[in-house]
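Thanks for coming, everyone; today I would like to talk through some charged pairs and then a pocket. Please have a look at the model first.

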Amino acid sequence: MVAVSLKNCTTNIGQKHLLDSSLPAEERNRRAIEEMKDTLRPELLNRFNGRENIVCFQQLELDSMEKIIAREVGRINKSSARQGLAIDMGGDAIAAFARDRYDPIAGARGLPGYMNAHLEPFFADHALNTGEKGVSNVQYDEEKKMFVFGPLHPAAPAPGGSKPILVPA
């Protein structure tokens, strides 16, 4: 006998039903749970103390993606604050990045990791290599699929300034 502790588990079983926008939400959930019951053995399902402990996640909308991106920008700023660094990624840049990265099937999977891997290190490297401290205004170029970093400034984005740095997203 093998003992396994199951606290939280997720699955994509039933995902096709949950993404079917032609069905009402209640029917999507019912079909997804039925598919799960047909796929998994009752002994496993019983470990979750019944259907009331099974949650069907709904598709994330674009505005939820924008909130996740804003949260991650805040996290980057919090971790960079002791070095005197921050990014200013306004609502238009966040919306552009969210539109470009939006995938109704994948949702927000990988989004925090993507920002961690592509946005945070480049910004930190730029600031460390120049020795500058301050805030960089970050835009997102949807056509080139790149982050565009403005020059570091003490508090507010400076008009004009030096040439921005392009970062592939």
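Glu27, Arg30 and Arg31 are linked in a network of salt bridges, a salt bridge being a side-chain nitrogen of Lys or Arg within 4 Å of a carboxyl oxygen of Asp or Glu. This is a predicted model, in which local features need pLDDT of at least 70 and side-chain atom pairs count only at pLDDT 80 or more, while totals for chains, interfaces and linings use all residues. Residues are numbered from 1 along each chain as its sequence is written, and side-chain values use heavy atoms, with hydrogens and water left out.

Within the network, glutamate 27 pairs with arginine 30, their closest N and O atoms lying 2.7 Å apart, and also with arginine 31, where the corresponding distance is 2.8 Å. Glutamate 27 and arginine 30 are 3 residues apart in helix α2, and arginine 31 is 4 residues from glutamate 27 in that helix, about one helical turn; helices here are DSSP runs of H or I with at least four residues, and strands are runs of E with at least two, numbered from the N terminus. Glutamate 27 is partly exposed at 21% relative accessibility, where partly exposed lies between buried, under 20%, and exposed, over 50%, with a 1.4 Å probe and protein chains only.

Elsewhere, lysine 145 and aspartate 100 meet in a salt bridge at 2.5 Å, N to O. This pair links distant parts of the chain, with lysine 145 in the loop between β2 and β3 and aspartate 100 in helix α5, 45 residues apart. Lysine 145 is partly exposed at 41%, as is aspartate 100 at 24%.
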